[in-house]
Amino acid sequence: RRLQQSGTQTDYHVTVRVVKQDAFGPEPARVDVAFVPPGHSESELMTVSFPGTNGNAGTKMPMGLQHGAYVNITGYRETDSTHAEELKAGMKDQALATGLASAKKDQRGVFVARTLEYERDAGELGGGRRLTGNAASQNTAVVVLYEPCGNSLQEDITKDRLESAFFSSGAGSFQQVIGVCSRGTVSFTGSVVGPISGCPDSNDAWATYQAIQSQLRGTDEWDQNYFKVMILPSSWLSAIGLGTVGGSLSWYRDTYVKHPAMFLHEIGHNWKLHHAGGAFVSQEYSDTSSAMGYCCSTRCYNFLHSWQLGFADFAEDQLSLTDVTTKSSSTALTLKALGTDTESGVKIHIDDSSSSGRRLSVPAFLVLSWRAETGTDEWLQGTSYGNKVQVHHWDGDSRTDASITHLLHNVNKGSTILIEDTDRSGERILTELKMTVKGVKSQTTDTVDILLCKRLSTESSSTASADLTPCSDVVADTTATTSTTTTTTAGSTTADSTTGGIAFTTTTSTPGTGTTTTLENPGGPWSAYFSDETGSKGVAPGTALVGLGCSGQFCGSIRVSHRADVQLSSQSVTIHQLDADVGDLMCQSGQVATQVTCIGSSCSSIRLHCATPQGGRVSIDLLERLWFPSELHGTEDSYCHGDDVVVGVYCGGANCMTKKLVCATYSRDDECVPSCDILGLECGDDGCGGSCGTCSSEDSSLTPMCRGDVGRCVYFVAADWVNEDKSMTATNLVSTGMGCSDDYCGNVRLIQMSVFVDAATSEKSDWISDNTGHRWFWNSGTAASDQAADCPDGMAVSYLKCDGRHCDNLRLHCGKPLQWQVEMTEDPVVTDWFSEEQGRMDCPDGKVMTGVECQDSKKWCLTNCRSYCDNKRLRCRSIKPEMAGAAILGVVPVAELPSSADPVSPASSPWYQGAADTANNLWGGLNGVFQDSVSSAQLLCGYQSLVTVAAMRLLYFFS
């Protein structure tokens with residue numbers, strides 16, 4: 001290990017730039033600290049390497065160091081160019097860097113720090129008038145689409161797409177989600193600029209920012225908007241997203257703009273939030289109940305982050321751990337739900353004597369909160385976090401304190417636990433505190449009652465939860481217990497710091513990143529390796545997945561292992577697809593993974609299929625395995641142990657080249673367990689031969705139908721008529737058919753199902769008609785570029801525009817159905833031709849509309865010329881749910897149906913009430929027969945005199 005300095009020792013008083021680099025992979029999140037030496041130019045910006053921090057790992061860096069802070073830093077500039085490159089490489093996630101195609105490198109010099117003095121939490125925080133916390137109420141932002149040095153953005157990354165994803169109020173946009181998370185107190189306005197292109201001298205974040213600023217400075221879009229949101233090609237950034245800790249800058253890979261959680265995460269860093277971690281520093285993103293945890297499921301913030309931003313407050317005066325545990329009676333508290341009540345948290349001060357190993361001389365607290373599945377926490381439905389009391393540890397004393405939050409416990413109603421604190425680096429510390437949560441397990445309520453008391457002297461970390469004595473009004477045993485007892489060790493670190501100053505050394509050890517053991521795989525034999533969809537289909541699903549193996553470049557081939565004794569139901573099968581390098585694929589609470597399938601060549605993307613066990617239940621307590629393969633491009637297997645089964649997969653690195661299994665314990669029950677309560681189904685098959693109910697409506701104009709694949713009642717409406725003079729009122733619903741009226745189908749409208757489209761994925765098609773271009777040079781209106789339009793992969797039609805006489809030209813607006821996947825592994829179904837004579841055409845078999853085609857017109861004719869896109873046909877695809885029952889928020893409640901739309905009956909054949917049969921046909925989607933809703937379209941033409949026809953054609957020629 002290199003210990004000798006290769007440059008002159010220097011002492012600088014400078015303002016530092018601090019950026020969180022989020023890779024969401026097996027390596028720790030890194031922090032980029034940079035400064036311009038006094039008297040030097042921007043081109044001489046240096047990045048800082050802190051020895052002993054594992055490449056500037058965020059949890060080992062000085063807490064409270066923020067962007068814009070004025071510091072005193074000593075150290076030296078690394079003059080050995082080879083070693084400087086090694087240091088810079090060590091500050092990047094190598095699994096992501098492997099996938100970079102950029103020829104540019106980070107050209108900055110490296111300053112190796114020896115000491116650092118700084119004022120804790122001193123840094124930039126602006127953006128307008130703030131609430132009680134760090135977030136401002138009215139924010140302005142410019143979103144810049146940037147293509148550096150010949151690296152192109154994806155084709156679907158357009159201004160329209162980002163306008164919808166960031167600024168629109170549609171379901172699934174950043175604007176809509178931050179509105180919910182802030183209880184309606186925070187909004188964003190601004191502009192989208194680009195794509196613009198340039199070529200920075202270096203591919204680091206700051207060189208990229210400077211290049212963009214040099215092009216846009218002086219424009220209203222840049223100068224008048226505070227937050228700078230920069231969207232770049234995935235081939236340019238060595239992280240998924242980056243954000244200054246304080247300040248206003250954030251950078252994103254283009255493949256992640258569809259996820260509002262990414263904007264919540266990086267702008268959260270701008271608002272001085274650290275990550276939402278588990279008990280140890282090795283679990284920096286483990287609390288996925290917060291947007292500051294792992295990417296990319298939609299979540300709001302945990303209580304502490306909500307409090308920092310001003311979205312929540314403490315409901316009780318601060319308690320003392322010593323006072324609570326020395327009382328002869330229990331302390332009774334009522335926690336209000338974070339999702340519905342601003343004042344909802346309880347803070348317990350940890351005395352110094354009960355918290356060893358603390359890294360910073362600042363107050364430490366235990367914080368209690370109730371996470372009911374309502375309000376701002378509606379996205380917790382179907383997860384392991386919903387309807388739980390959370391216990392966090394936090395080292396901080398102000399809202400601007402950028403310290404990591406540590407989730408210690410996630411507790412069900414009706415449970416009693418011993419509170420185990422953490423030293424953050426690798427040890428769980430058994431405190432004297434015990435907690436009993438009253439009530440019925442998994443029940444959603446606005447409040448929950450808890451009791452805090454001193455643990456009995458006979459109770460220890462090895463005592464099973466069922467054997468703990470619940471807290472009561474009087475504690476019988478007051479025998480003194482040991483203040484702290486180490487119960488679990490995951491690793492250690494000797495890096496230390498104080499508020500006033502920090503000295504950095506090179507002595508360090510790597511903390512654990514999961515749980516490992518030498519137990520054997522409890523599943524059956526491994527399948528053969530497969531790397532594409534065809535190979536995936538060769539592995540019959542229907543039983544619980546327990547193992548997953550990787551082989552080849554970027555884990556391009558995978559194999560699986562199942563437990564044949566855990567049979568899964570075919571009811572309410574859900575599918576979770578990875579559409580970028582990194583992400584979390586998690587089964588709904590109560591479900592088990594049944595299959596992993598490859599999408600694309602060399603398994604460049606994967607799907608996780610989940611279903612409920614036919615008998616028995618799955619624990620809500622989750623266990624993360626180690627990342628694998630341990631060597632990039634290596635061959636390695638990972639599996640759950642004992643009675644555990646797979647319930648999720650984390651992906652990290654380029655093309656999900658590293659993976660981590662999430663396991664939960666399966667408890668056997670010989671009797672079939674209905675899915676109704678487990679998944680919150682309101683209708684359809686319960687998976688055991690019974691029913692979860694039927695659909696009905698108090699409004700006689702509505703005809704609800706049960707969508708059996710999700711156990712939810714859906715409704716059908718017709719959007720308002722559209723023609724050359726009238727635009728459609730946006731409904732943000734997915735379309736399942738189209739209606740026609742008037743000559744040449746001059747009025748059109750969409751038939752839509754009560755399922756939202758995701759505003760973050762909005763796209764427009766080209767204009768289409770019965771011919772390309774202008775049919776005659778004197779024609780007015782938009783020139784059509786094709787006769788057919790299809791939505792981008794994974795999207796369905798949600799909006800329609802008309803142009804020209806008789807709605808001659810059509811344009812589709814598309815979006816991804818919220819919490820559904822459009823099935824792209826099958827060919828689309830094409831309907832018959834239809835026009836005003838038929839009046840309406842619906843997609844068959846529960847499919848959605850993904851495209852429209854105009855029949856080719858005849859150029860020289862007198863009758864039946866098919867002009868003005870008179871005859872149309874639809875292209876339709878299946879959709880498959882990502883969630884089921886109450887957890888699928890994409891299904892619109894009847895009270896929220898758009899007032900501009902008219903209720904209509906569904907297609908003439910009844911919906912299939914059951915669900916997909918995973919054991920026999922996982923890819924078939926709905927198995928019911930959905931008959932064609934109308935007879936085959938046949939163009940009818942009445943007899944007309946030649947004079948009349950000639951007059952009509954003349955009118956057309958001069959239109």
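Two strands pair if DSSP finds at least two bridges between them; strands (E, at least two residues) and helices (H or I, at least four) are DSSP runs, numbered from the N terminus. The model used here is predicted: local features need pLDDT of at least 70, side-chain atom pairs count only at pLDDT 80 or more, and totals for chains, interfaces and linings use all residues. Residues are numbered from 1 along each chain as its sequence is written, and side-chain values use heavy atoms, with hydrogens and water left out.

**Exercise 1. Describe the pairing and burial of strand β41.**

Step 1: β41 (residues 796-803) is joined by seven bridges to β42 (residues 809-817), and the two run antiparallel.
Step 2: For a point of register, look at Ala796, which stands opposite Gly815 in β42.
Step 3: Five residues lie between the strands of this hairpin, where Gly804 has a positive phi near 85 degrees.
Step 4: Six of the eight residues of β41 are buried, so the strand is mostly covered; buried means under 20% relative accessible area, exposed over 50%, and partly exposed in between (1.4 Å probe, protein chains only).

**Exercise 2. Find out why helix α4 counts as largely enclosed.**

Step 1: Of the eight residues of α4 (residues 174-181), six are buried, so the rest of the structure largely encloses the helix.
Step 2: Those buried residues are Phe174, Gln175, Val177, Ile178, Gly179 and Cys181.
Step 3: They pack against α3 (159-167), β8 (187-198) and α7 (260-270).
Step 4: Just after α4 comes Arg183, with a positive phi of about 60 degrees.

**Exercise 3. Decide whether Thr383 is buried or exposed, and list its partners.**

Step 1: Locate Thr383 in the loop between β17 (364-371) and β18 (388-395).
Step 2: With a relative accessible area of 12%, Thr383 is buried.
Step 3: The Thr383 side chain reaches the backbone oxygen of Leu380 at 2.7 Å.
Step 4: Leaving aside neighbours within four places in sequence, Thr383 is in contact (heavy atoms within 4.5 Å) with Arg299 and Ser589.

**Exercise 4. Do the same for Ser462: is this residue buried or exposed, and what does its side chain contact?**

Step 1: Ser462 sits in the loop between β22 (447-454) and β23 (485-489).
Step 2: A relative accessible area of 66% makes Ser462 exposed.
Step 3: Its side chain makes a polar contact with the side chain of Ser460 (2.9 Å). A polar contact is a pair of N or O atoms within 3.5 Å; within protein, one must be able to donate a hydrogen and the other to accept it, and residues adjacent in sequence count only if both atoms are side-chain atoms.
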